[in-house]
Structure formats: structure tokens, C-alpha cells
Amino acid sequence: MEHITLNVQGMSCGHCVNSIEQNVGQINGVQSVKVNLEEGKVDVTFNSDAVSLKDIKDVIEDQGYDVA
């Protein structure tokens, strides 16, 4: 398992947190997702054999957020 912390801009409320955690959490290979709204960070633990970091970033960006 790999663990990464992404800097995500554009999150402003509980709906943003739920949206990212739910959508990223549904990706095959993602074990856990935790959003820190105050810091603008998303912690993701995933199996790099099943899903790429680019796929995870794409799901977040498709929801209208910017991943740094």
C-alpha cells in the first residue's frame, strides 16, 4: 500500500469533504481517504498495482477541485 497527501484547493465545506471521500473511496484499489478541510489536504492510502495516482487526482479534479 502507498500513502500520499495531496494538496487540494477549492474545498470549502462539509459537502466538499463528503464528495471527495465518497468518490475517491469508491475507486477500486483505494483503501482509505481522509480529508482535512482546514489544511486543504487529502490523505489517500491505495494499492498502486490497482489504481494510479493520476486516476485518483483525475477523480478529484473531475469534481471541480484543483490538485497541486
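Two strands pair if DSSP finds at least two bridges between them. Helices (H or I, at least four residues) and strands (E, at least two) are DSSP runs, numbered from the N terminus.

This is a predicted model, in which local features need pLDDT of at least 70 and side-chain atom pairs count only at pLDDT 80 or more, while totals for chains, interfaces and linings use all residues. Residues are numbered from 1 along each chain as its sequence is written, and side-chain values use heavy atoms, with hydrogens and water left out.

**Exercise 1. The hairpin**

Find the turn between E2 and E3, and name the residue in it with a positive phi.

Solution.
- Step 1: E2 and E3 are joined by six bridges and run antiparallel.
- Step 2: Four residues sit between these two strands, and together E2 and E3 form a hairpin.
- Step 3: In the turn, Gly 40 has a positive phi of about 70°.
- Step 4: Check the register. Val 33 stands opposite Val 44 in E3. Lys 34 stands opposite Asp 43 in E3.

**Exercise 2. The sheet**

Work out the strand order, then say which strands are at the edges.

Solution.
- Step 1: Start with E1 and E3. They pair in the antiparallel sense over six bridges.
- Step 2: Look at partners in E3. Ile 4 stands opposite Val 44, and His 3 has Thr 45 as its bridge partner.
- Step 3: Move to E4. Strand E1 (residues 2-9) is joined to E4 by two bridges, and the two run antiparallel. Val 8 faces Val 67 in E4.
- Step 4: Put the pairs together. The four strands form an open sheet in the order E2-E3-E1-E4, with antiparallel pairing.
- Step 5: Read off the edges. Strand E2 (30-36) and strand E4 (66-67) each pair on one side only.

**Exercise 3. A residue in an edge strand**

Is Ser 32 buried, partly exposed or exposed?

Solution.
- Step 1: Place the residue. Ser 32 lies in strand E2.
- Step 2: Apply the cut-offs. Buried means under 20% relative accessible area, exposed over 50%, partly exposed in between (1.4 Å probe, protein chains only).
- Step 3: Ser 32 has a relative accessible area of 34%, so it is partly exposed.
- Step 4: List the contacts (heavy atoms within 4.5 Å). Leaving aside neighbours within four places in sequence, Ser 32 touches Asp 43, Val 44 and Thr 45.
- Step 5: Compare sequence and space. Ser 32 and Lys 54 are 22 residues apart in sequence, and their C-alpha atoms are 16 Å apart.

**Exercise 4. Two helices**

Describe how H1 and H2 cross.

Solution.
- Step 1: Know the tools. Two packed helices are described by the angle between their axes and the distance between the axes. Axes are lines fitted to C-alpha atoms, for helices over the stretch in contact, and angles run from 0 to 180 degrees between N-to-C directions.
- Step 2: Locate the helices. Helix H1 (residues 14-25) lies across E1, E2 and strand E3 (41-46), at about 170° to E2. Helix H2 (residues 53-62) lies across E1, E2, E3 and E4, at about 30° to E1.
- Step 3: The axes of H1 and H2 come within 10 Å and cross at roughly 140°. H1 is therefore oblique to H2. (Angles under 35 degrees count as roughly parallel, over 145 as roughly antiparallel, 65 to 115 as roughly perpendicular and the rest as oblique.)
- Step 4: Ile 20, Asn 23 and Val 24 in H1 meet Ile 56, Val 59 and Ile 60 in H2.

**Exercise 5. Neighbours in H1**

Which residues outside the local sequence does Ser 19 touch, and which does Ile 20 touch?

Solution.
- Step 1: Ser 19 lies in helix H1. Its relative accessibility is 14%, so Ser 19 counts as buried.
- Step 2: Not counting residues up to four places away in sequence, Ser 19 touches Gln 63 and Tyr 65.
- Step 3: Ile 20 is in helix H1 too. Its relative accessible area is 0%, so Ile 20 is buried.
- Step 4: With the same exclusion, Ile 20 touches Val 8, Met 11, Gly 25, Val 33, Val 35, Val 42, Ile 60, Gln 63 and Tyr 65.
- Step 5: Ile 20 and Gln 63 are 43 residues apart along the chain, with their C-alpha atoms separated by 7.9 Å.
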